[in-house]
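Q: I am new to this structure and should like to learn how to read its features one at a time. Could we begin with the cysteines?

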Amino acid sequence: MFSEQTLRELNAKFSVLDQLSTAQEVFWVNPKYQAELSEKLEADQGQASAPYREQYPQRHLGQEEILQAEARLSRFASYIAQAFPETRSSGGLIESSLVLIPHMQNYLEQHYQLTLPGKIWLKCDSHLPISGSIKARGGIYEVLKHAEGLVLQHGMLTTDSDYALLAASEFREFFAQYAIAVGSTGNLGLSIGVIGAKLGFKVTVHMSADAKAWKKALLRSKGVEVIEYSSDYSKAVAEGRKQAEQNPCCHFVDDENSQDLFLGYAVAAKRLQTQLTELGISVDAEHPLFVYLPCGVGGGPGGVTFGLKQVFGDHVHCFWAEPTHSPCMLLGLATGLHDQISVQDIGLDNHTEADGLAVGRASRFVGKTIEPLLSGLYTIEDAELFRLLQALNTSENLKLEPSALAGMPGPARLISSKAGQSYLRKHGLINKLPQANHIIWGTGGSLVPEEIMNQYLSR
Ligand SMILES: *Cc1c(COP(=O)(O)O)cnc(C)c1O
C-alpha cells in the first residue's frame, strides 16, 4: 500500500490519476511512444532493439523469435487438425477472420454523434477455434512448445516428424507424467486446460473470483482440476506459481512474465498481414492502420502490438482499452511504476463484468516491452461494454463477450478526444483518415453458453 503522502505526490505529478481513481473514462496518449523506433528495429535486422536489450538483457525478442514461433505452430498443424476437427478446413491453423462491420460503423456514428472516416473491421478472435478467445493464440502455443520440448528431449520425435503422431495413446501416457498449472480470470485457463488435457497432461487451473461458472464447469468436464479463489487474479497467479514450484514435473504458465505466451500472440501480426494483402488493403504512409485491443495483464495485446510494429512499423497505431475499474496497465505506464502499483492502491475495486480484463496489477515485462511501441490507452465503463455488445449483435449479428467490446469505441474516442486529436495532428494523420483502416480486436465470446449470452443481450 502507498502512504497518503506518496499518493498525493503521484496525483500531483500525473494528472490522469485523478480521473482514474474516480473511475472516469479517460483517453491517454503515451508520452513515451517512439515513432522512429520501427526504423531501429529494421536496422537491427530482427535483433531485439537497443531499448529492449538494456531493460531485458536476458530476453531476446524480435523478428527471429516470432518466425520460430510461427514455424513451431506449423509443425504442430497436423496434430491440431487431427485433435481438433474444427481446424481441418484451415489445415490445423488456429486463425480467425477479419470482417468489415459497416452497420456497426453506422451505429457508432449515431451513438457517438460524429462521422467516422475510413473503414472499421472486426478481428474475430472471439471465434478462434478450440477455445474461443485470443488466449487460443498464446496459451495453446506455450503448451505446444512445452510438449515439444519434452518429446524432443526424450528422443520420441524429431522436428521433422509428423506431429500428428502426438495424438497416439503412447504420447498421452507419456504426458500424463507431467503437470501444467496456470492462474487465470477464465479464458487463459480455458485454453491451457483444453489443449493440455487433450495432449494428456495433468492440468490445474487457479481461477480468480471473476471467473465465470460456465468456464470452470467446462474445464472440469474435460478432467481439468479447477481451484477457486475468492480474491482477484494476482492472488490466483501467485498461488498457482507457489504450488507449481513444489512439483519439479510441473510447468507453470506465467501470464505475468511468459515470453512464450507473448510470442504466441505475436504470430497474429504476420497472419494479419497475409489477410490484409489478400483483401487488397494497403498499410503505408498514406493508409494508416489503427488497431484497438482490450488489455488485462497485457500479454495478449502486448504480443499482438509487438508483432504488428515489427510488420508495419510506424504505419500501425495501437491503442489499448481497459475497464474504468481495472486500468492497471494505464496506471503502470502513466506512473512508470508498472507492477509496483495496483488499481487498489488508488482506491479502485477491480470489479468489472469484463472478466477477461479484471486485472489489478499489470505485467512489468509487457509494460516495459511495449512502452515505446504503444500509442495510447483509454478506459471504458461496463455499461458501455453492454450497450456495444447489444448493438453489435443487432447490427452485424455477431456475439462477443463483454471484455471483447472494449476496443469498439476506439476510433470514436481517438477522433473526438482532445488527446486523440493532438496525437493525430502530431503524426500527420488528420488528412489520411478517409483512407485509414481501423481494426477492433474482438477477443472472445463464441464459447459463451446461449443462456448467458441472452442475459448479456437483455441487460
Ligand atoms: C485475456 C483477455 C484479454 C486481454 O489479454 P491480457 O493478456 O490479459 O492482457 C482480452 N479479452 C479477453 C476476452 C481475454 O480473455
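A: In this predicted model, the sulfur of Cys318 has its closest cysteine sulfur in Cys295, 12 Å away, which is too far for a bond. A disulfide requires two cysteine sulfur atoms within 2.5 Å.

Q: How far is the sulfur of Cys328 from the closest cysteine sulfur?

A: That distance is 5.7 Å, again to Cys295, and therefore too far for a bond. The number of disulfides found is zero.

Q: Are Cys318 and Cys328 buried or exposed?

A: Cys318 is buried, with a relative accessibility of 0%. Cys328 is likewise buried, its relative accessible area being 0%.

Q: In what order do the strands of the open sheet stand?

A: The order is β6-β5-β4-β7, four strands with parallel pairing. Because β6 (225-228) and β7 (250-253) each have a single partner strand, they form the edges, and one side of each lacks a neighbour in the sheet. On average, neighbouring strands are turned by 20° against each other, direction ignored.

Q: How many bridges join β4 to β7?

A: Strand β4, residues 179-184, is joined to β7 by four bridges, and the two run parallel. Ala181, for example, has Phe252 in β7 as its bridge partner.

Q: Which helix packs on the sheet, touching β4 and β7?

A: That is helix α7, residues 135-153, whose direction makes about 155° with that of β7.

Q: How should one describe the packing of two helices?

A: One gives the angle between their axes and the distance between the axes. For α7 and helix α9 (residues 187-199), the axes come within 8 Å and cross at roughly 35°. The crossing is right-handed. On the α7 side, the contact residues include Ile140, Val143, Leu144 and Ala147; on the α9 side, they include Leu188, Ile192, Ile195 and Leu199. Sorted by class, this contact of α7 with α9 comprises nine nonpolar, four polar and one charged residues.

Q: Why can residues that are not adjacent in a helix point the same way?

A: An α-helix has 3.6 residues a turn, so residues three or four places apart point the same way. Helix α10, residues 213-221, may be examined for its buried positions, which are Trp214, Lys215, Lys216 and Leu219.

Q: What do the buried residues of α10 pack against?

A: They pack against α9, β5 (202-207), β6 and α19 (450-457). After α10 comes Gly223, with a positive phi near 85°.

Terms used
Residues are numbered from 1 along each chain as its sequence is written. This is a predicted model: local features need pLDDT of at least 70, side-chain atom pairs count only at pLDDT 80 or more; totals for chains, interfaces and linings use all residues. Side-chain values use heavy atoms; hydrogens and water are left out. Two strands pair if DSSP finds at least two bridges between them. Axes are lines fitted to C-alpha atoms, for helices over the stretch in contact, and angles run from 0 to 180 degrees between N-to-C directions. Contact means heavy atoms within 4.5 Å. A crossing is left-handed if the near helix is turned anticlockwise from the far one by less than a right angle, and right-handed if clockwise. Ala, Val, Leu, Ile, Met, Phe, Trp, Tyr, Cys and Pro count as nonpolar, Asp, Glu, Lys and Arg as charged, and the others, Gly among them, as polar. Buried means under 20% relative accessible area, exposed over 50%, partly exposed in between (1.4 Å probe, protein chains only).
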